[in-house]
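Let's take a walk through this structure together. Have the viewer ready, and we will go from an enclosed space to the elements around it.

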Amino acid sequence: MAFLIPPLESIKPANGAKSSLGQRIKPLAASAIPLVACLYVAVVILFPALSVVVQAFAKGVGPFLQNFESEDLRSALRLTLITACIAVPANTIFGLAAATAIARKQFRGKALLLSVIDLPFSISPVVVGLMLVLLYSPTHGLFGDLVNSLGWKIIFSTPGIVLATIIVTFPFMAREVIPLLEEEGWEQEEAAKTLGANDWQVFWKVTLPSVRWAALYGLILTTARALGEFGAVSVVSGNIASQTQTLPLFVEDAYKQYHTELAFGAALVLGGVAIVSLLLKLLVEHLTEYAMNNSLTVVRLETGIHQSAAIRLYE
């Protein structure tokens, strides 16, 4: 019996069903990925945030406003604002100085300084608080004798809370400004110095305006983190009501004491601060993008003017 083998050119794979199935799956996958992402964000962020709002206004607006008559809540809010008002300017000054030094100068220990700046990103805030306790505790701290001899009280007091907040939040400003300074270079600063400007004039009139949006962005992040810091502050403060209790600690303590309306009201205040910080962050990003587009437009116009002038010169 003879078998006829068809040529290879005439053999066509039966991929019609597979191709049609693939064409059906691709649109489903393209629509399912955003749906899964939105569902994940809703479950992780949106639903818990909405539950805080619902619980805060569960008994109406009047009881919600009455929560702010609590002296413990006012004291916690006052201490939180005092801490932020000290930590944020300190980190702003340090961040701008460190960013300028790192981006503009070459010196020994530059890599070490960058590592130290990034250190709070890599360790737990609770560990930061524990380190402060091991350093400044009046009973068993490394500098305990010095603290006692000077009559200072750092641990379980406001200075310890401020110090812990400064350590946790100081990377934000420097890390926002350093990349922008490295990208822009130092030609403008050198030109200003050749015109007779001193270092302070160069920083105030040339360097700072060029990084103002990055500095504002870092300022927003620093403020938001300072207002909401919990881990390091909980270790060094002692969580004493009306004395060393910040607003995040007050939320935890009120919830443990079954004062749910008070706890959710304070949590809503922190959530409002987070929303305001997010809106300011989006505004700064929009203004930064707008400023960059304007600068590109100016550069293109100047380039076109120079090109046209060169063409006329050669003509």
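What you have here is a predicted model. A good place to begin is the inside: the structure holds one cavity of 30 Å³ or more, and the space in this largest cavity comes to about 40 Å³. If you would like to display its lining, select Thr80, Thr83, Thr165, Ala226, Leu227, Glu229, Val233, Thr246 and Pro248. Two elements give two or more residues to that lining, namely helix H3 (71-104) and helix H11 (212-228). By character, the lining residues divide into four nonpolar, four polar and one charged.

Thr165, one of the lining residues, also takes us to helix H7, where Thr165 is among the buried residues. Helix H7 covers residues 158-169, 12 residues in total. From first C-alpha to last, H7 reaches 17 Å, close to the 16 Å expected at 1.5 Å a residue. Alongside Thr165, the buried residues of H7 are Gly160, Ile161, Val162, Ala164, Val168 and Thr169. What do the buried residues of H7 pack against? Their partners are H3, helix H4 (110-122), helix H5 (125-136), helix H8 (171-184), H11 and helix H12 (231-237).

Our last stop is in helix H8, where you will find Leu181. Leu181 has a relative accessible area of 0%, so it counts as buried, the cut-off being under 20%. Leaving aside neighbours within four places in sequence, Leu181 is in contact with Ala99, Thr100, Ala103, Arg104, Thr207 and Val211. Of these, take a look at Thr207: it lies 26 residues from Leu181 along the chain, and their C-alpha atoms are separated by 8.2 Å.

Conventions. Residues are numbered from 1 along each chain as its sequence is written. This is a predicted model: local features need pLDDT of at least 70, side-chain atom pairs count only at pLDDT 80 or more; totals for chains, interfaces and linings use all residues. Side-chain values use heavy atoms; hydrogens and water are left out. On a 1 Å grid over the protein atoms alone, a cavity is a set of points where a 1.4 Å probe fits but cannot get out, and a pocket is an open set with protein on both sides within 12 Å along at least five of seven lines; lining residues have an atom within 4 Å of a point. Grid points are joined across faces, edges and corners, and a volume is the space filled by probe spheres set on the points. Helices (H or I, at least four residues) and strands (E, at least two) are DSSP runs, numbered from the N terminus. Ala, Val, Leu, Ile, Met, Phe, Trp, Tyr, Cys and Pro count as nonpolar, Asp, Glu, Lys and Arg as charged, and the others, Gly among them, as polar. The expected span of a helix is 1.5 Å times one less than its number of residues. Buried means under 20% relative accessible area, exposed over 50%, partly exposed in between (1.4 Å probe, protein chains only). Contact means heavy atoms within 4.5 Å.
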